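Could you walk me through this structure in the viewer, one selection at a time? I would like to know what to pick next and what is there.

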Amino acid sequence: MNERLSNLASWLSEKSYDAAFISSTENVFYLTNFYTNPHERLLGLFVFPDAEPLLVCPFMEVNQAKSAGWKYDIVGYEDHENPWKLIHEALHKRGVNNIGRLAVEKEQLSFLRSEELKTLYQDAVFESVEEKMNELRLVKTQAEIDILQEAAALADYGVEVGVSALKEGVTEMDVLAKIEYELKRKGIREMSFSTMVLFGEKTGDPHGNPGLRTLKKGDMVLFDLGVVLDGYCSDITRTVSFGEITEKQQHMYETVNKALDAALSASKPGTRIGDLDMIARNLISEAGYGEYFPHRLGHGLGISVHEFPSMNRTNDDVLKEGMVYTIEPGVYIPNVGGVRIEDDVVITKDGNKTLTKYPKNLQIIKP
């Protein structure tokens with residue numbers, strides 16, 4: 001088995017679990033190198049403490065799994081077949097006639113899937129594997145960091161495309177379409193989340209929805225986007241101004257940028273995660289915008305665009321070399337406008353490195 005599967009199998013043995021059932025696209029990919037979105041169909045991976053793993057996927061994706069390097073048994077099923085019956089037969093053939101303790105992704109496993117899983121072993125007790133999977137995925141290898149760096153560079157390019165598309169009268173969706181078109185020309189099939197392009201007062205909503213709002217002189221423009229590259233995500237936010245803006249808007253921007261820089265300066269091995277949030281939050285509060293910073297400082301980044309850990313003020317965990325996460329302070333005044341600036345960051349031996357490189361100084365785009 002590969003090292004990742006071996007680490008999970010060793011943990012199952014140490015904790016006296018009979019098996020683990022992994023069903024999220026992200027964790028299946030992490031353990032197998034097979035990345036797929038099965039939609040409503042069943043995707044699953046059985047991992048055992050002392051036996052070879054078993055992959056379950058739609059038959060039409062079996063070849064892709066093998067091409068990804070999977071060398072163990074696969075239960076491939078067609079749409080007219082009951083996959084759980086085939087799984088039962090495969091496990092029975094292996095002599096797996098009883099499972100007492102089964103580690104599952106409780107946050108991922110639907111009620112229906114849990115009922116179907118129970119049909120295999122009615123007396124099985126489900127316990128959580130999330131904490132272990134988070135631990136395994138927390139510290140990135142150099143190979144993972146290299147992919148994340150390339151994904152970040154493509155996110156930088158997306159912002160560059162967006163800025164170059166700004167002109168009076170263009171809509172948010174016009175600019176969004178241009179960004180995604182140019183990234184697809186670079187080979188990107190999937191964005192890591194719904195691309196956000198917001199103009200003017202709409203930047204005052206942290207998770208606003210792009211639409212047909214047209215660009216006007218004096219608007220702030222917020223870009224929030226990321227790509228999926230080889231199974232790994234990037235996530236960048238930049239805010240620019242289209243024409244001259246007010247002193248208050250400039251002050252908001254400078255405040256957010258200072259908060260980002262302060263959190264970056266404190267990002268090094270051993271720093272309490274919650275302290276990073278408070279460093280940025282205190283600066284924003286001292287500038288008079290505390291009530292307008294409603295979200296955490298950031299989130300882990302990797303196979304998922306939002307993954308462990310949550311970079312919030314209550315998190316007592318400390319930063320470790322190889323962790324990758326976002327720092328994204330913001331100020332949002334409803335119906336007026338807002339600013340968010342976000343970088344992707346990796347912790348190094350002595351400090352940190354920002355993966356996203358697009359400039360953070362306030363850019364005033366001439367109409």
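Here is a tour in a few stops, going from helix packing to cores, single residues and backbone details. Please keep in mind that this is a predicted model.

**Stop 1: helices α1 and α6**

Start by selecting residues 3-14, which form helix α1, together with residues 130-138, which form helix α6. Their axes come within 11 Å and cross at roughly 145°. If you look along the crossing, α1 passes α6 in a right-handed way. Now show the side chains that make the contact: Asn 7, Leu 8 and Trp 11 on α1, and Lys 132, Met 133 and Leu 136 on α6. Coloured by class, this contact of α1 with α6 shows four nonpolar residues, one polar and one charged.

**Stop 2: bring in α2**

Keep α6 on screen and add helix α2, residues 25-32. The axes of α2 and α6 come within 12 Å, and the crossing angle is roughly 55°. That angle makes α2 oblique to α6. The handedness of the α2 and α6 crossing is left-handed, whereas α1 passes α6 in a right-handed crossing. For the side chains, pick Glu 26, Asn 27, Tyr 30 and Leu 31 from α2, then Met 133, Leu 136 and Arg 137 from α6. The contact of α2 with α6 divides into four nonpolar, one polar and two charged residues. Met 133 and Leu 136 may look familiar, since they also take part in the contact with α1.

**Stop 3: the cores**

Which residues have the most contacts inside the largest nonpolar core? Select Leu 8, Ile 22, Leu 31, Leu 45 and Val 47 to see them; the core itself has 37 residues. Helix α1 gives the most to this core, with five residues.

Zoom in on Ile 22 next. Beyond its neighbours within four places in sequence, Ile 22 is in contact with Leu 8, Asn 27, Val 28, Leu 31, Leu 43, Gly 44, Leu 45, Glu 105 and Val 129. Apart from the largest core lies another one, of 29 residues; Ile 284, Leu 297, Tyr 325 and Val 339 are among them.

**Stop 4: α7, Ala 151 and α8**

Move on to helix α7, residues 142-164, and find Ala 151 in it. Is Ala 151 buried or exposed? Its relative accessibility is 0%, so Ala 151 counts as buried. Show what surrounds Ala 151: setting aside residues up to four places away in sequence, it touches Val 227, Leu 229, Tyr 232, Cys 233 and Ser 234. For a sense of scale, draw a distance from the C-alpha of Ala 151 to that of Ser 164: they are 13 residues apart in sequence and 20 Å apart in space.

Then add helix α8, residues 172-185, which packs against α7 at an angle of about 140° with the axes 9 Å apart. The two helices, α7 and α8, are therefore oblique to each other, and their crossing is right-handed. On the α7 side, select Leu 154, Tyr 157, Gly 158, Val 161 and Gly 162; facing them in α8 are Val 175, Lys 178, Ile 179, Glu 182 and Leu 183. By class, the α7 contact with α8 has six nonpolar, two polar and two charged residues.

**Stop 5: Gly 187**

Continue to Gly 187, in the loop between α8 and β7 (196-199). With a relative accessible area of 52%, Gly 187 is exposed. A C-alpha to C-alpha line from Gly 187 to Lys 320 spans 32 Å, for a pair 133 residues apart in sequence.

**Stop 6: backbone details**

Most residues other than glycine have a negative phi, and most peptide bonds are trans. With that in mind, here are some places to inspect.

- Ser 16 sits in the loop between α1 and β1 (19-22), and its phi is near 65°, a positive value.
- Asp 230 has a positive phi as well, near 50°. Look for Asp 230 in the loop between β9 (228-229) and β10 (232-233); at a relative accessible area of 55%, Asp 230 is exposed.
- Phe 308 and Pro 309 are joined by a cis peptide bond, with omega about 5°. Pro 309 belongs to strand β13, residues 307-311.

Conventions: Residues numbered from 1 in each chain as written. Predicted model: local features only at pLDDT ≥ 70, side-chain atom pairs only at ≥ 80, totals over all residues. Heavy atoms only, no water. Axes fitted to C-alpha atoms, helices over the stretch in contact; angles between N-to-C directions. Helix = DSSP H or I, 4+ residues; strand = E, 2+ residues; numbered from the N terminus. Left-handed = near helix turned anticlockwise from the far one by under 90°. Contact = heavy atoms within 4.5 Å. Nonpolar A, V, L, I, M, F, W, Y, C, P; charged D, E, K, R; others polar. Core = buried A, V, L, I, M, F, W, Y, C linked by side-chain atoms within 4.5 Å. Buried < 20%, exposed > 50% of the residue type's maximum accessible area, 1.4 Å probe, protein only. Parallel < 35°, antiparallel > 145°, perpendicular 65-115°, else oblique.
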